[in-house]
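Trainee: I'd like to practise reading a model feature by feature. Could you walk me through one?

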Amino acid sequence: ANADFKIYAGLYYHSENLWNPEVGDYRVQFSYAGRHGDEFTVVGRQSGREIRHYSTQAGEDILILRPGHRDVEEVFLSEHHSNRTATWIYRLAGWLVTFLGLSCMTSLLETLLSMYPTLRRMLNISMTSVSVSV
């Protein structure tokens with residue numbers, strides 16, 4: 001059968017009609033229960049047999065899964081550290097992109113000003129100090 005995948009009740013079906021399966025149709029379900037004896041710490045909201053995200057008063061959704069048995073303070077401290085690390089990575093990446101952009105712009109501006117010496121004398125800019133000061 002040349003059908004697209006359909007999702008129903010957490011199962012992936014590859015068939016023309018999922019209510020009337022034929023030989024050669026596929027039904028796939030992904031799950032992971034861990035190895036025997038593995039412990040995990042979960043922060044979320046239990047809904048029946050499932051753990052779903054917890055919506056805070058601020059409107060944020062929280063669903064945290066950490067290996068091992070951990071205290072509440074340890075879980076949130078670990079999450080805080082992960083968020084802080086990610087924030088600094090984004091800041092450094094943003095700074096690098098800004099630096100490269102300004103470096104390209106100063107080269108372009110220097111080329112443009114070299115074509116018009118009168119304008120260059122009026123502005124009296126040192127292009128190298130602009131890119132270094134960023």
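Trainee: Let me start with a single side chain. Is Thr-41 buried or exposed?

Mentor: Keep in mind that this is a predicted model. For burial, look at the relative accessible area: under 20% counts as buried. Thr-41 has 11%, so Thr-41 is buried. As for its place in the fold, Thr-41 lies in strand β4, residues 40–43.

Trainee: Which backbone oxygen does the side chain of Thr-41 reach?

Mentor: For polar contacts, look for N or O atoms within 3.5 Å. The side chain of Thr-41 reaches the backbone oxygen of Gly-68 at 2.6 Å. There's a backbone nitrogen to look at too: that of Arg-70 lies 2.9 Å from a polar side-chain atom of Thr-41.

Trainee: On to the sheet. What is the order of the strands in the open sheet?

Mentor: The general idea is that strands of a sheet pair through backbone hydrogen bonds, either parallel or antiparallel. Here the open sheet has three strands in the order β1-β2-β3, and the pairing is antiparallel. The edges are β1 (5–8) and β3 (26–28), each pairing on one side only. Ignoring direction, neighbouring strands of this sheet are turned by 25 degrees against each other on average.

Trainee: How many bridges join β1 to β2?

Mentor: Four bridges join them, and the two strands run antiparallel. To find your register, put Lys-6 opposite Tyr-13 in β2. β1 and β2 make a hairpin with two residues between them, and in that turn Ala-9 has a positive phi of about 55 degrees.

Trainee: And how many bridges are there between β2 and β3?

Mentor: Three bridges there, with β2 (residues 11–14) and β3 pairing in the antiparallel sense. A handy register mark is Tyr-12, which stands opposite Val-28 in β3.

Trainee: Now the helix. How many residues does α1 have?

Mentor: Helix α1 covers residues 72–115, which makes 44 residues. To read its span, compare the end-to-end C-alpha distance with what you'd expect at 1.5 Å a residue: α1 reaches 65 Å, close to the expected 64 Å.

Trainee: Which residues of α1 are buried?

Mentor: The buried ones are Val-75, Thr-106 and Leu-113. Take Val-75: its relative accessible area is 1%, so Val-75 counts as buried. For a link outside the helix, check Leu-65, ten residues from Val-75 along the chain; their C-alpha atoms are separated by 8.9 Å.

Trainee: What about aromatic rings? How many aromatic pairs are there?

Mentor: For rings, you look at the centres and then at the angle between the planes, with under 30 degrees counting as stacked. The count comes to one aromatic pair. That pair is Trp-95 and Phe-99, stacked at 5.4 Å centre to centre with 10 degrees between the planes. Both lie in helix α1, four residues apart, about one turn of the helix.

Trainee: Why does Trp-95 count as partly exposed?

Mentor: Because its relative accessibility is 45%, and partly exposed runs between 20% and 50%. Phe-99 has 26% relative accessibility, so Phe-99 counts as partly exposed too.

Trainee: One last feature: which charged end sits over the ring of Trp-88?

Mentor: That's the charged end of Arg-91, sitting 4.6 Å from the centre of the Trp-88 ring.

Technical notes:
Residues are numbered from 1 along each chain as its sequence is written. This is a predicted model: local features need pLDDT of at least 70, side-chain atom pairs count only at pLDDT 80 or more; totals for chains, interfaces and linings use all residues. Side-chain values use heavy atoms; hydrogens and water are left out. The expected span of a helix is 1.5 Å times one less than its number of residues. Buried means under 20% relative accessible area, exposed over 50%, partly exposed in between (1.4 Å probe, protein chains only). Two strands pair if DSSP finds at least two bridges between them. Axes are lines fitted to C-alpha atoms, for helices over the stretch in contact, and angles run from 0 to 180 degrees between N-to-C directions. Rings of Phe, Tyr and Trp (its six-membered ring) pair if their centres lie within 6.5 Å; planes under 30 degrees apart count as stacked, over 60 as edge-to-face and the rest as tilted. A charge sits over a ring if NZ of Lys or CZ of Arg is within 6 Å of the ring centre and within 35 degrees of the ring normal. A polar contact is a pair of N or O atoms within 3.5 Å; within protein, one must be able to donate a hydrogen and the other to accept it, and residues adjacent in sequence count only if both atoms are side-chain atoms.
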